[in-house]
Amino acid sequence: MDDLQDRPPGLPGVDHRIVSALRACGADPHVAGAARALSRAGEHGALWLAAGLAGAVVDRRRRGAWLRGTALTAGAHVASSALKRVVRRPRPTHVEPLVGTVGRHSFPSSHATSAAAAAVAFGALGSRAVPPLAAAVCVSRLVAGVHYPSDVAAGAALGALTARLGARWMTGGPA
């Protein structure tokens with residue numbers, strides 16, 4: 001779809017152009033390697049589940065909050081996966097992906113959902129490393145060519161909202 005007349009109009013056209021531009025960054029072997037590593041680490045929210053469990057082990061005083069934040073992150077991922085089955089938007093086909101995917105549907109990005117949920121939940125517990133790492137995971141999905149920007153934005157919004165709605169429960173306040 002390199003030809004201008006083959007691009008869809010409006011937001012879908014912008015989505016296509018951004019994916020094409022960011023996927024082109026993956027031509028650099030270092031960028032491609034980082035995108036692959038971040039995408040693999042974020043599969044099924046594994047990176048964030050491990051981070052939450054590590055937080056629970058290290059920060060015994062707030063173990064419950066870390067475990068509830070981990071549960072919120074997992075719940076956000078499950079919600080994203082369910083929504084993906086309803087929307088059924090196909091993944092980008094106009095670029096060659098850098099990574100394989102578990103499913104063929106794209107909206108919302110479950111990687112972005114779990115990353116944003118972890119950024120909000122674990123950020124509330126003082127983790128300064130999670131938010132920038134979460135942003136990198138989100139961008140990696142675009143560089144890998146497996147999501148449109150609107151998939152990532154919707155996933156991030158869903159994850160952040162899920163964690164925000166559960167914040168009082170996570171920190172031990174009333175639900």
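The following exchange looks at one helix and one aromatic pair in a predicted model.

Residues are numbered from 1 along each chain as its sequence is written. In this predicted model, local features need pLDDT of at least 70 and side-chain atom pairs count only at pLDDT 80 or more.

Colleague: Which residues of H2 are buried, taking buried as under 20% relative accessible area with a 1.4 Å probe and protein chains only?

Modeller: Helices here are DSSP runs of H or I with at least four residues, numbered from the N terminus, and H2 covers residues 29-41. Seen down the axis of H2, the buried residues fall within an arc of 135 degrees, taken from the directions from the helix axis to the C-beta atoms, so they line one face. These buried residues are Ala 32, Ala 35, Leu 38 and Ser 39.

Colleague: Which exposed residues (over 50% relative accessible area) does the face of H2 turned away from its buried side carry?

Modeller: The buried side of H2 is covered by parts that include helix H5 (110-124) and helix H6 (130-143). The face turned away from that buried side carries the exposed residues Pro 29, His 30 and Arg 40.

Colleague: How are the rings of Trp 66 and Phe 122 arranged: stacked, edge-to-face or tilted?

Modeller: Rings pair if their centres lie within 6.5 Å, and planes under 30 degrees apart count as stacked, over 60 as edge-to-face and the rest as tilted. Trp 66 lies in helix H4 and Phe 122 in helix H5, so the pair ties together parts that are 56 residues apart in sequence. With ring centres 5.2 Å apart and planes at 35 degrees, the pair is therefore tilted.

Notes: Heavy atoms only, no water. Helix = DSSP H or I, 4+ residues; strand = E, 2+ residues; numbered from the N terminus. Expected span 1.5 Å × (residues − 1). Contact = heavy atoms within 4.5 Å. Phe/Tyr/Trp six-rings, centres within 6.5 Å; stacked < 30°, edge-to-face > 60°.
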